[in-house]
Amino acid sequence: MAEIVYPPVIAAARTLFRVLDYRFHLEGTEHVPRTGGAVLVSNHISYLDFIFAGFAALPSKRLVRFMAKQDVFEHPVSGPLMRGMHHIPVDRGAGAGSYATALRMLKGGEVVGVFAEATISRSFTVKEIKNGAIRMAQATNTPVIPVGLWGSQRLWTKGRPKSLLQRHVPITILVGEPMHPKRGEDVDKHTSELHARLTDLVDKAQRTYPEVPPGVWWQPAHLGGTAPTPEEAAAMDAAEAEARAKKD
């Protein structure tokens with residue numbers, strides 16, 4: 001694929017992050033294969049996660065094609081950029097097309113990015129995940145690469161005002177060892193294993209994060225923060241979904 005848009009976007013992001021003095025900590029980036037297809041699966045805590053999860057693949061000189069909601073592609077600003085970077089629009093009412101596109105890209109040797117929780121986690125813990133990433137890896141004989149992100153929620157997350165120009169924010173990106181689910185193996189078992197690996201990566205990122213004032217909103221409740229508990233977050237998500245359904 002012609003890469004006219006993606007490299008300049010990465011260069012612009014890197015320049016901005018240097019200006020804002022974001023303090024990146026990356027581990028395990030060697031687990032992203034330098035060639036061939038792979039399914040990169042990240043936790044989801046911020047509207048900016050596709051940028052930071054994509055950074056996990058840059059040391060291997062790979063560009064990640066993220067599966068993202070159709071709405072993002074319809075926006076007048078983000079839409080042309082998303083299409084130019086060859087990301088994959090996901091129509092929740094007709095997901096078969098995006099799934100087929102992802103399979104085609106994986107078979108063509110691309111890295112496809114997936115947020116398996118489907119929506120941002122308000123509790124900043126790993127929610128229940130979908131099995132699509134495992135099924136895609138099985139269908140294309142490609143590895144699954146788990147990625148744990150932490151710090152991006154401080155910049156822009158669900159239910160909080162944007163703070164995009166905040167300076168000196170630590171951003172942790174941890175890449176786990178690849179999983180190799182094979183066709184015919186238990187999808188649910190592999191999905192549970194993926195959830196466990198994501199949880200371990202996120203927990204490590206949280207516990208080693210260099211800057212944790214007491215009682216901050218962006219820290220999970222079980223570590224002393226004031227973020228909603230997973231149960232409270234699930235209730236908020238359910239109320240939001242109900243309100244959206246009534247509006248439609």
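**Exercise 1. Find the side chain that makes a polar contact with the side chain of His190 in this predicted model, then decide whether His190 is buried or exposed.**

*Solution.*
Step 1. Look at the side chain of His190: its polar contact is with the side chain of Glu185, at 2.7 Å.
Step 2. Place the residue: His190 belongs to helix α7.
Step 3. Check the accessibility. Buried means under 20% relative accessible area, and His190 has 18%, so it counts as buried.
Step 4. List the surroundings. With neighbours within four places in sequence left aside, His190 is in contact with Ile134, Gln138, Met179, Pro181, Lys182 and Glu185.

**Exercise 2. Work out how many residues of helix α6 are buried, and which elements cover them.**

*Solution.*
Step 1. Helix α6 spans residues 132-140, and seven of its nine residues are buried.
Step 2. Name them: Gly132, Ala133, Ile134, Met136, Ala137, Gln138 and Thr140. Ile134 and Gln138 also appeared among the contacts of His190.
Step 3. Now look for the cover. The elements over these buried residues include the strands β2 (38-42), β3 (64-69), β5 (111-114) and β6 (144-150), along with the helices α5 (95-107) and α7 (187-207).
Step 4. Step just past the end of α6, and you meet Asn141, which has a positive phi of about 55 degrees.

**Exercise 3. Explain why β2 is described as largely enclosed, and find the strands it pairs with.**

*Solution.*
Step 1. Count the buried residues: five of the five in β2 are buried, so the rest of the structure largely encloses this strand.
Step 2. Sort the side chains by direction. In a regular strand they alternate between the two faces of the sheet. In β2, Ala38, Leu40 and Ser42 point one way, while Val39 and Val41 point the other way.
Step 3. Follow the pairing. β2 pairs with β5 in the parallel sense over four bridges, and Val41 stands opposite Val114 of β5.
Step 4. Turn to β6: its pairing with β2 is parallel too, over four bridges, and there Leu40 has Ile145 as its bridge partner.

**Exercise 4. Find which residues have the most contacts inside the largest nonpolar core.**

*Solution.*
Step 1. This core has 39 residues, and Tyr22, Phe52 and Ile173 have the most contacts inside it.
Step 2. See where the core comes from: α1 (6-19), β2, α2 (49-55), β3, β6, β7 (170-175) and α7 each give at least two residues.
Step 3. Zoom in on Phe52. Beyond residues up to four places away in sequence, Phe52 touches Phe17, Tyr22, Phe24, Leu149, Ser152, Leu155, Ile171 and Ile173.
Step 4. Apart from the largest core lies another, of 23 residues, including Val41, Val112, Ile129 and Val144.

Technical notes
Residues numbered from 1 in each chain as written. Predicted model: local features only at pLDDT ≥ 70, side-chain atom pairs only at ≥ 80, totals over all residues. Heavy atoms only, no water. Buried < 20%, exposed > 50% of the residue type's maximum accessible area, 1.4 Å probe, protein only. Contact = heavy atoms within 4.5 Å. Polar contact = N/O pair within 3.5 Å; in protein donor to acceptor, adjacent residues only side chain to side chain. Core = buried A, V, L, I, M, F, W, Y, C linked by side-chain atoms within 4.5 Å. Pairing = 2+ DSSP bridges.
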